[in-house]
Amino acid sequence: MTFAVVSVSLCVLTACSISYKFNGSSINYDKVKTISFENFPNRSQAFVWGPMESMFNTALQDIFMQQTRLQQVKRDGDLQLSGEITNYDAYNKGVGSDGYSTMAELKMTVNVRFVNNSNHAEDFEQQFSASREYNATQQLSSVQEDLVNQMIDEIVDQIFNATVANW
């Protein structure tokens with residue numbers, strides 16, 4: 001009797017499986033098929049670090065290409081992203097008893113203009129920011145690439161979530 005109950009239970013459980021597909025976006029692919037990106041130039045008045053602009057542009061395009069089925073077009077996509085890096089700067093965060101800085105913060109801000117040609121109610125212009133602290137005894141040049149990569153990843157995730165992850 002117990003064997004029969006277990007057998008029936010296993011059959012019911014395996015027959016009633018639920019499958020979820022999670023790709024991180026909520027895009028209606030019947031209406032939205034393409035995306036276009038304009039280059040996001042670095043217009044920061046404080047620091048300019050040469051590789052940052054191309055790192056950001058590549059990361060932004062990559063997340064949409066990897067996590068959606070959208071086809072990238074040069075211009076006039078169903079979804080359009082443009083903007084600029086508006087701030088990249090380092091600030092002192094803490095001062096030790098000797099009067100010297102103990103912690104510094106690196107901050108990056110990106111202004112984004114988003115156009116959804118299938119639903120203009122979702123259009124926006126918004127700023128996205130990220131920052132990372134580092135020990136002020138370290139040279140910025142020794143930690144900059146790693147910190148910038150972390151900030152870019154965070155900002156790109158914020159942009160992705162604000163544009164196509166409307167759930």
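These legends go with close-up views of a predicted model.

**View 1. The whole chain, with three helices and five strands**. Along the sequence, the elements follow the pattern α-β-α-β-β-β-β-α. The chain has 167 residues, and 38% of them count as buried. Many contacts link distant parts of the sequence: among contacts with a separation of 6 or more, 70% join residues 24 or more positions apart.

**View 2. The largest nonpolar core, a set of 41 residues**. Which members touch the most others? They are Phe56, Leu60, Phe64, Leu81, Met108, Val148 and Ile152. Six elements each supply at least two residues of this core: the strands β1 (34-37), β3 (79-95), β4 (101-116) and β5 (124-135), and the helices α2 (50-67) and α3 (140-163). The largest share comes from α3, with ten residues.

**View 3. Phe56 and its contacts in the core.** Phe56 is among the core residues that touch the most other members. Neighbours within four places in sequence are left aside here. What remains in contact with Phe56 is a set of eight side-by-side names to look for: Phe40, Ile85, Met108, Val110, Ile152, Ile155, Val156 and Ile159.**View 4. Helix α2 and its buried residues.** Helix α2 has 18 residues. From first C-alpha to last, α2 reaches 28 Å, close to the 26 Å expected at 1.5 Å a residue. Which residues of α2 are buried? They are Met52, Met55, Phe56, Asn57, Ala59, Leu60, Ile63 and Phe64. An α-helix has 3.6 residues a turn, so residues three or four places apart point the same way. The buried residues of α2 pack against β1, β3, β4 and α3.

**View 5. The largest pocket, with about 180 Å³ of space**. The lining of this pocket is made by 13 residues. Nearest the pocket centre lie Asn28, Val32, Asn116, Ser118 and Glu122. What classes of residue form the lining? Seven are polar, four are nonpolar and two are charged.

**View 6. Tyr91 in strand β3**. Tyr91 has a relative accessible area of 34%, so it counts as partly exposed. Leaving out residues up to four places away in sequence, Tyr91 touches Met103, Ala104, Glu105 and Lys107. One of these, Ala104, is 13 residues from Tyr91 in sequence. In space, the C-alpha atoms of Tyr91 and Ala104 are 5.5 Å apart.

**View 7. Asp76 in the loop between β2 (71-72) and β3**. Most residues other than glycine have a negative phi. Asp76 is not a glycine, yet its phi is positive, at about 60 degrees. Is Asp76 buried or exposed? Asp76 is exposed, because its relative accessible area is 63% and the cut-off for exposed is over 50%.

**View 8. Ser141 in helix α3**. Ser141 counts as exposed, because its relative accessibility is 64%. Look also for Trp49, which is 92 residues from Ser141 along the chain. The C-alpha atoms of Ser141 and Trp49 are separated by 9.8 Å.

Methods: Residues numbered from 1 in each chain as written. Predicted model: local features only at pLDDT ≥ 70, side-chain atom pairs only at ≥ 80, totals over all residues. Heavy atoms only, no water. 1 Å grid on protein atoms, 1.4 Å probe; cavity = no way out; pocket = protein on both sides within 12 Å on 5 of 7 lines; lining within 4 Å. Points joined across faces, edges and corners; volume = space filled by probe spheres on them. Nonpolar A, V, L, I, M, F, W, Y, C, P; charged D, E, K, R; others polar. Core = buried A, V, L, I, M, F, W, Y, C linked by side-chain atoms within 4.5 Å. Buried < 20%, exposed > 50% of the residue type's maximum accessible area, 1.4 Å probe, protein only. Helix = DSSP H or I, 4+ residues; strand = E, 2+ residues; numbered from the N terminus. Contact = heavy atoms within 4.5 Å. Expected span 1.5 Å × (residues − 1).
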